[in-house]
Amino acid sequence: MGTWPTGVTRDFYAGLAAAKGEGSFVLMDAFSPPGDILSILGEGHVDILKVNAYELCKLSNTGGDDLFEGEVSEDDVSASCTAIFEQVPGLRFLALTDGPNPARVVSRGGETTMLTVPTGVKCVNPIGAGDTVAGVMCAALCSSVAAATALDHASVAASMELGIAAASAKCESEGEGGTFSIERMGSFLMR
């Protein structure tokens, strides 16, 4: 789950987002504590929110108490995307994972790209997979791999595709960090 390390406060993350320079972007991979996350998002400095489908439902207040991770429907995701864009006027993109189900990038205005999660992943440990997606997305967007002149839907989707391949490779390793085989990542991109 996208939670903060012990001792880190809302002000730390809000300060990082507010320090965004001209021509840069902020990707936030966090959902808890929801009130603090919504407050930071409401300040208008975060461009991309990367969470999983369940976390988005909870963050947008569209998921009831009977909603559980892995049981989020298409209708739940659609309602949550609409709700979060209404609640957070400055947010430009959602990057949503959903375990082995297709991931998606949703832009303000509704443009959506569905991204297939690779099959054949021999999952040993999924802990850190979401962090791997976010880290590889940032690296790709900051490099010439997926970057466009300006942050746009196509570049966010291309970066997330790389992130999903990296996270799939990460799931095949024992460790909880973002360690993965570049070769294995590449094999997931070739499919």
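The following paragraphs describe the fold of a predicted model, from the whole chain to its sheet and its largest pocket.

Residues are numbered from 1 along each chain as its sequence is written, and side-chain values use heavy atoms, with hydrogens and water left out. Because the model is predicted, local features need pLDDT of at least 70 and side-chain atom pairs count only at pLDDT 80 or more, whereas totals for chains, interfaces and linings use all residues.

The protein chain contains seven helices and five strands; these are DSSP runs numbered from the N terminus, with H or I over at least four residues for a helix and E over at least two for a strand. Along the sequence they follow the pattern α-β-α-β-α-α-β-β-β-α-α-α. The radius of gyration of the protein chain is 16 Å, close to the 16 Å that the globule rule gives for 191 residues, so the chain is as compact as a globular protein of that length. This radius is taken over C-alpha atoms, and the rule is 2.2 Å times the number of residues to the power 0.38. The C-alpha trace spans about 40 × 40 × 35 Å along its principal axes.

The five strands form an open sheet of mixed pairing, in the order β1-β2-β3-β4-β5; two strands pair if DSSP finds at least two bridges between them. β1 (27-28) and β5 (112-115) stand at the edges with a single partner strand each, so one side of each lacks a neighbour in the sheet. At the β1 edge, two bridges join β1 to β2 in parallel, and Met-28 stands opposite Leu-49 in β2. At the β5 edge, β4 and β5 pair in the antiparallel sense over four bridges, with Leu-115 in β5 as the bridge partner of Ala-103. These two strands form a hairpin with four residues between them, and Gly-109 in the turn has a positive phi of about 100°.

The largest pocket has a volume of about 790 Å³. A pocket is an open set of points on a 1 Å grid over the protein atoms alone, where a 1.4 Å probe fits, with protein on both sides within 12 Å along at least five of seven lines; lining residues have an atom within 4 Å of a point. Grid points are joined across faces, edges and corners, and the volume is the space filled by probe spheres set on them. Of its 32 lining residues, the closest to the centre are Thr-97, Gly-99, Pro-126, Ala-129 and Gly-130. Elements that give two or more residues to this lining include β3 (93-98), β4 (101-107) and α5 (129-142).
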